[in-house]
Amino acid sequence: MDREEWMYKISRASNDLAFLGHVRKFVAAAKKHRVSLGRERIICPCNSCKNNLVQEDNVVQSHLIRHGFVKDTPSGSITVKKQIQV
Ligand SMILES: [Zn+2]
């Protein structure tokens, strides 16, 4: 499945194990990216932070589970892609 597809089409219900797995993978990839840049926190792409705030790994994970990925922001999707491409 295409990465963008799961981000925006899968229900963000917290009991959706597939979504949960994807979120974990995203956070793991983002963490790797963060470490490679020598940063301490990740830009949070959740629907609440909307790529405007940096959060710790576990906070980003819980935000994504709770709020889902932010939609319809070109810069946001670029940030997400950047963080995924490790
Ligand atoms: Zn957030």
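Is the crossing of α2 and α3 right-handed or left-handed? In this predicted model, the crossing of these two helices is right-handed, and the paragraphs below approach that helix pair from the overall layout of the chain before turning to individual residues.

The chain contains four helices and two strands, and, read from the N terminus, its elements follow the order α-α-β-β-α-α. Of its 86 residues, 28% count as buried. Among the contacts in the chain with a separation of 6 or more, 46% are between residues that stand 24 or more positions apart.

Helix α2 spans residues 17-36 and helix α3 spans residues 57-67, and their axes come within 10 Å of each other, crossing at roughly 150°. Because angles over 145 degrees count as roughly antiparallel, α2 is roughly antiparallel to α3. On the α2 side the contact is made by L20, V23, R24, F26, V27, A30 and K31, while α3 contributes D57, V60, Q61, L64 and I65. Sorted by character, the residues of this contact comprise eight that are nonpolar, one that is polar and three that are charged.

Within the contact, Q61 deserves a separate look. Q61 is placed in helix α3, and, leaving aside residues up to four places away in sequence, it touches V23, R24 and V27, each of which also belongs to the α2 side of the helix contact. Q61 counts as buried because 22 C-beta neighbours lie inside 10 Å, where 20 or more are required. The C-alpha atoms of Q61 and A28 are separated by 9.4 Å, although these two residues are 33 residues apart along the chain.

The helix pair leads on to the nonpolar interior. The largest nonpolar core has 14 residues, and those with the most contacts inside it are C44, C46, V60 and L64. The elements that give two or more residues to this core are α2, α3 and strand β1, which covers residues 42-43; of the contributions, that of α2 is the most, with five residues. L64, which is also named on the α3 side of the helix contact, touches V23, F26, C46 and F69 when residues up to four places away in sequence are not counted. Of these partners, V23 and F26 are on the α2 side of the helix contact, whereas C46 is among the core residues with the most contacts.

Which residue lies 8.5 Å from C46, C-alpha to C-alpha, at 20 residues apart in sequence? That residue is R66, which lies in helix α3. R66 is exposed, because 12 other C-beta atoms lie within 10 Å of its own, and a count of 12 or fewer is what places a residue in that class. G68, by contrast, is buried, with 21 other C-beta atoms within 10 Å, and its place is in the loop between α3 and α4, the latter covering residues 74-84. G68 and S48 are 20 residues apart in sequence, and their C-alpha atoms are 8.5 Å apart in space.

The remaining feature concerns the backbone of the loop between the two strands. Most residues other than glycine have a negative phi. K50, however, has a phi near 50°, a positive value in a residue other than glycine, and N51 likewise has a positive value, with phi near 65°. K50 is placed in the loop between β1 and β2, the second strand being residues 54-55, and N51 lies in the loop between β1 and β2 as well. K50 is partly exposed, with 19 other C-beta atoms within 10 Å, and N51 also counts as partly exposed, with 19 C-beta neighbours inside 10 Å. Neither residue is classed as buried, because that class begins at 20.

Key:
Residues numbered from 1 in each chain as written. Predicted model: local features only at pLDDT ≥ 70, side-chain atom pairs only at ≥ 80, totals over all residues. Axes fitted to C-alpha atoms, helices over the stretch in contact; angles between N-to-C directions. Parallel < 35°, antiparallel > 145°, perpendicular 65-115°, else oblique. Left-handed = near helix turned anticlockwise from the far one by under 90°. Contact = placed C-beta atoms within 7 Å. Nonpolar A, V, L, I, M, F, W, Y, C, P; charged D, E, K, R; others polar. Core = buried A, V, L, I, M, F, W, Y, C linked by C-beta atoms within 7 Å.
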